[in-house]
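Reader: I am new to this structure and would like to understand the terms used to describe it. Please show it to me, and then let us go through the reasoning behind each label.

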Amino acid sequence: QVQLVESGGGLVQAGGSLRLSCEISGSISSYNAMGWYRQAPEKQRELVAVIISGGSTKYADSVKGRFTIARANAKNTVYLQMNSLKPEDTAVYYCYADLHSGWNPSREYWGRGTQVTVSS
């Protein structure tokens with residue numbers, strides 16, 4: 001059974017930094033993509049950053065230059081370094097992975113989310 005567990009959220013002042021971590025466990029054969037989404041109150045879930053198989057990355061325009069996504073392959077862990085945080089970054093951040101488990105077709109997996117709150 002594949003599980004994604006996020007950590008590192010919290011309360012920070014505007015201009016501050018946080019580092020989110022997501023540990024992915026289970027029977028994992030290969031990844032298509034892994035990354036982070038977020039959902040603010042009364043808004044739709046949106047892509048924040050993702051690493052595609054092969055190593056390319058994609059960021060939401062709103063976080064480019066401030067957030068950095070990275071992966072520790074040996075640990076099946078994906079990180080999101082968030083700098084220069086703004087109040088509008090306040091949201092629940094969800095870890096996401098599109099992967100093959102065992103011989104099964106690839107599918108999406110989600111963590112339960114971690115709250116990030118940026119005060120002005």
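**Reasons behind the labels**

Reader: Why is G9 called partly exposed?

Author: The model is predicted. In it, G9 has a relative accessibility of 33%. Buried means under 20% and exposed means over 50%, with partly exposed in between, so G9 counts as partly exposed.

Reader: Where does G9 lie, and which residues does G9 touch?

Author: G9 lies in the loop between β1 and β2 (10-13). Leaving aside residues up to four places away in sequence, G9 touches L20, T114, Q115 and V116. One of these, V116, belongs to β11 and stands opposite A91.

Reader: How do you know that C22 and C95 are joined by a disulfide?

Author: The distance from S to S is 2.0 Å. A disulfide requires cysteine sulfur atoms within 2.5 Å, so C22 and C95 meet the criterion. A search of the whole structure finds 1 disulfide. The pair links distant parts of the chain, 73 residues apart, with C22 in strand β3 (residues 18-25) and C95 in strand β9 (residues 91-100). The link is left-handed, with -85° about the S-S bond, and both C22 and C95 are buried.

Reader: What makes β9 largely enclosed by the rest of the structure?

Author: Of the 10 residues of β9, 9 are buried, so this strand is largely enclosed.

Reader: How do you know that β9 pairs with strand β4, β10 and β11?

Author: Two strands pair if at least two bridges are found between them. Strand β4 (residues 30-39) and β9 share 9 bridges, strand β10 (residues 107-110) and β9 are joined by 4, and strand β11 (residues 114-119) and β9 by 3, so each of these counts as a pairing. The pairing is antiparallel with β4, with β10 and with β11. In β9, H100 is the bridge partner of S30, while Y96 stands opposite W110 in β10. β9 and β10 also form a hairpin with 6 residues between them, where G102 in the turn has a positive phi of about 60°.

Reader: Why is the pair of Y37 and W110 called edge-to-face?

Author: The ring centres of Y37 and W110 are 5.1 Å apart and their planes stand at 70°. Rings pair if their centres lie within 6.5 Å, and planes over 60 degrees apart count as edge-to-face, so both conditions are met. Y37 lies in strand β4 and W110 in strand β10, so the pair ties together parts that are 73 residues apart in sequence.

Reader: What makes Y96 buried and Y37 partly exposed?

Author: Y96 has a relative accessible area of 8%, and Y37 has one of 21%. The limit for buried is under 20%, so Y96 falls within it and Y37 does not. Y37, Y96 and W110 form one aromatic cluster.

Reader: How do you know that R45 lies over the face of W110?

Author: R45 is at 4.8 Å from the ring centre of W110. The charge must be within 6 Å of the ring centre and within 35 degrees of the ring normal; the distance satisfies its limit, and R45 is listed as lying over the face. R107 likewise lies over the face of Y109, at 3.9 Å from the ring centre.

How values were computed:
Residues are numbered from 1 along each chain as its sequence is written. This is a predicted model: local features need pLDDT of at least 70, side-chain atom pairs count only at pLDDT 80 or more; totals for chains, interfaces and linings use all residues. Side-chain values use heavy atoms; hydrogens and water are left out. Helices (H or I, at least four residues) and strands (E, at least two) are DSSP runs, numbered from the N terminus. Buried means under 20% relative accessible area, exposed over 50%, partly exposed in between (1.4 Å probe, protein chains only). Contact means heavy atoms within 4.5 Å. Rings of Phe, Tyr and Trp (its six-membered ring) pair if their centres lie within 6.5 Å; planes under 30 degrees apart count as stacked, over 60 as edge-to-face and the rest as tilted.
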